[in-house]
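Colleague: I am new to this structure and would be grateful for a close look at its salt bridges. Please take them one after another, ending with the place where the chains meet.

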Amino acid sequence: MILNLFIGVLMPVGLFSYKNTINEIFQRGGQGIIGGDLKVSSRVRPKEESLLVIDEYLKDEIVSKSEIKSMFSMGQASGKVGMLNLMTVTGNYPYYGKVETQKGIGLHDIKDFEILVKPEVLLKFGVVAGDKIEIGGALFTIVDIITKDVNEGMQLAQMAPKVYVTQKAIKDIGLISQGSTVFYSYVYRLKKELGHDSYKSLKEQVLDSNIRLTRASSANDMFSRSLNIVFDFSQIIFLCGILISVSAFSYIYRYFLKKESSNILSYRILGLEKKSIYLIYLLHGFLSLLLTFIMSYFVSYLVSPLAISLLSKYSTVDISGLTLSIPFGFLSILSLFLFTIIITFVHSTIEDKQIRLVYLVGPLISLVLLVYYQTNSITIAPSLVGFLLILLLAFYYLIPLLISPLLKIKQTFFNLAMLSLVRNKTTTISKFYILFITFFVINIVPIVFMSISKDIEVGKGSRPDYFVFDIQEDQFEPLNQYLIDKEIQHSSVSPMIRGRLVSINDEEVRADASEKSNFEEEQRNRALNRGVNISYDNTLNSAERVIKGKYFSKSSNTDGINEVSLETRYAKRIGVEVGDKITFEIFDINFETIVTSIRSVKWTSFLPNFFIVFEDGILNDAPKTYLTTLSNVSSYSEIVKLVDHFKSLSIVDIKEMTGQAQKFLTIVEKILINMVIVFLIISILSFITLTIFSIKISQADNQLLKYLGVSYEELLKLRLFEFLFLCLISTFLALSLAFLLGYIIVEVFLGISFSFSSIALTLNLIPFVGVVFYNKKSLGY
Amino acid sequence: MLKISNINKGFYNDIYTPILQGASLNVEAHQKVAILGKSGSGKSTLLSLISGISTPESGDIEIDQIVISKLSENERAKFRARNISIIFQDYKLIDHLNAFENVALPLRLNGVLHYEKLAIEMLSKVGLSGRVHSFPDTLSGGERQRVAIARALALNTKIILADEPNANLDIETGHEVMGLLFDLVKEFNRTLILVTHDKELASKCDVTYALVKGVLEQSN
């Protein structure tokens, strides 16, 4: 019993430690990540008054302040072009951590038209230190190679490698102009760490929603977000692992208590009070749990070096000195959940009553708490638990219903097997549940991943080759003409205007200043707390589809208010529907709009698409840049020539980007596969212990059958009938649900095509390995 | 009917412990034979040898001229299914089968076609026609033993082995059950080998043997 509990507890504890350790890495390295104690960042040039507010607030605490600008620009060398992430630093940044280089040339040592580059730049352009790269029409000399940098999280995907350059050089070549995409950051070194309350108060005072404040201790949010996506999905695996072990534990524990009934009767005959009997068994349960957790902790500690070495493959932060951190909060809630189950069974045994649904309230509430702790979502937690409860109840009644018709089959051994399944309901449901969850997880994970992976692969032919942005207004016509002259196929050129969300239905928009909000609120905060990219177009492109309302129909009843169309996920995040009014501020002018349609967008088409689209005619005079895509580019040299002509353009090679996305996906896939493997091991171990246990308790029946003249082969046939039949039903139901849910997740939520791997389906054979436990010895022959 | 010739059987723990040492026995058809012995004298071992569950280290066990001690495990199982029924002191009913299903079990295992009718008849014979669909955990000790008796008698086996069938019953119920057993054995003309430490019960059998120091000695 303890072994089963241990197996089941170890996995979620281990995986949760894994996740916690990642967070701790970033929390510890937070200062090293942002290079200071506080970072103020914005996707547009922040208003001076906003910066003054911050400086005024921090006043006496400021030790030093630096300005960092970051922008994308095309580089050119050795006949190759590629996008670069240019960074300029004014001030003594970084205050924590270092930018280390091969020859030791520091950030502040470079002169104008000298650059420090990441090693990827050398590969990208086929250059070495000392060579020159053309950026924005000027030549920059590579003076040194960056070996270690601040401001990096997990090494997951880098679209444009970093290049440090002086601010003056950038200014001189005119790369920063109105409408250019420049990211501004101000990093502060403070006398002491900014506390949570001060941080919250500061956020409330900064009225500019373009500005984002990050303090060191929450820097993990920025960089571990992508990894958090992995962990979000892995919540399912955590939860399933817990459910499996709890199912097996519950069955074994219940059997143990059943056998204790005669002892309980003896205690009562001896005059022991009920409360004393309760104490005996609750203490027993408590000590079992304690022993289990000590063992889990011990084993986690033992495997910690292996786990840390695995993590270090994905991290550029030095984590070699770390050990796995044990999530005591999680352990406490898990203990509570398991203890409520123990209480339920002890109560039922001592009072000699069947377990009713009302007894399950305690375990269910603690399960909701456990799921909430993991997912931090007020909708996911109860929904998931509710769904699982419905599933459990459904199976409890459905499985016997499915099997009962088969009782009509009179073949003796088959009939005996079916009777055993139907009449030993608790064993059957426990085993079924474990198998079902195992099969479900090992099917749904590959389904979702295959679909995402294939979506990136598929449509390669129809996908454009290059994405072009930062097209200035005065380049619009010449670029159009150039592309026509060169016969380069391009999509219609889309305007992009920066704006800010001001109000929704006349209510001013303010994001919640608190850091720790739940998942849904965090998504909403993110949606509200940033400037927005707006476009205008009266026609939909091939990647868009109106799912609600009408797209810029002149006949819609808008009372003369400007129409706007929103992307569906964005609309959901900010809580807006068709008919709602939104006010945007664009270059200090407020535009009141009414949402007349909501669109779904296939983002993997890589066509220019926007969350917010106005109808043509309203924003045409606003300062803007343009975007377009290029297709069927005959040769790479066309891109080189294009950049030669239009030096301020930024061009992304979509193939390379999807390659990066594929790389990211591969890493994410590896992490998930590791988790699924651990999950599979745990679930198989749980299933094995349950199988061995149920074989053991059926030995009395086996013995009788032996006396009745049943041979070993016949007995084996009987027991294998039971086992294989259960495996088959659970495989079928789990596969069906995995396909159904997978389809919903992929097609409805992600909006991509459903796909699955036939090879992954072979994983469903693994639990059938359980047949090896049916042998002469185990069957008592 | 049953002939046991000079069988030896022992068990190994750290050392070899002999249980039966040159035990011999002759049982005629339709006889009721009692085997008396103290706890640990080897009565259950003897029953397991007669039933073919285990084999002696030396000596033979012959039933109707078939030397079962020389048969293979599967052959012994088949023989046992068709020819031997056993009644245990702890009843050994299958918990998830009701009374009818427990009685019908040996009939079904042997491919008897009208097993439903036979099983219900047997339950009626043991006075449980009203408990046909009851599960063992709802039956009293006496009722469970009646089901076990019905099961043992349902199939027309040559020999019925009874291993202290009244041991777990109170005196009154034990007498009732044993009375029923003897009546039915007589009615169905079966051979009964009864293992017991109850001398009074043994006296109701045709022949009594005592198992002493691994040897069977006829005492009446």
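Modeller: A:Asp172 counts as partly exposed, at 46% relative accessibility; the term covers values between buried, under 20% relative accessible area, and exposed, over 50% (1.4 Å probe, protein chains only). This is a predicted model, in which local features need pLDDT of at least 70 and side-chain atom pairs count only at pLDDT 80 or more, while totals for chains, interfaces and linings use all residues. Residues are numbered from 1 along each chain as its sequence is written, chains are lettered from A and ligands numbered from 1 in the order in which they are written, and side-chain values use heavy atoms, leaving out hydrogens and water.

The side chain of A:Asp172 meets that of A:Lys168 in a salt bridge, 3.0 Å from N to O; the term requires a side-chain nitrogen of Lys or Arg within 4 Å of a carboxyl oxygen of Asp or Glu. A:Lys168 is likewise partly exposed, at 48%. Because the two residues are 4 apart in helix 5 (residues 167–172) of chain A, about one helical turn separates them. Helices (H or I, at least four residues) and strands (E, at least two) are DSSP runs, numbered from the N terminus.

A second pair, A:Lys274 and A:Glu351, meets at 2.7 Å, N to O. A:Lys274 belongs to helix 9 (residues 274–312) and A:Glu351 to the loop between helix 10 (328–350) and helix 11 (361–375) of chain A, so this salt bridge ties together parts 77 residues apart in sequence. A:Lys274 is partly exposed, with a relative accessible area of 31%, and A:Glu351 is partly exposed at 22%.

In a third pair, A:Glu567 and A:Arg569 meet at 3.8 Å, N to O. Here A:Glu567 is buried, at 1% relative accessibility, whereas A:Arg569 is partly exposed at 32%. Elsewhere, A:Lys47, A:Arg500 and A:Glu585 are linked in a network of salt bridges. Over all chains, the structure holds 22 salt bridges.

Between chain A and chain B the count is 1 salt bridge, formed by the side chains of B:Glu101 and A:Arg423 at 2.7 Å, N to O. The contact between these chains (heavy atoms within 4.5 Å) takes 22 residues from chain A and 23 residues from chain B. In chain A, A:Arg423, A:Tyr707 and A:Leu708 lose the most area to chain B, together 33% of what that side buries; buried area is the accessible area (1.4 Å probe) that two parts lose on being put together, summed over both.
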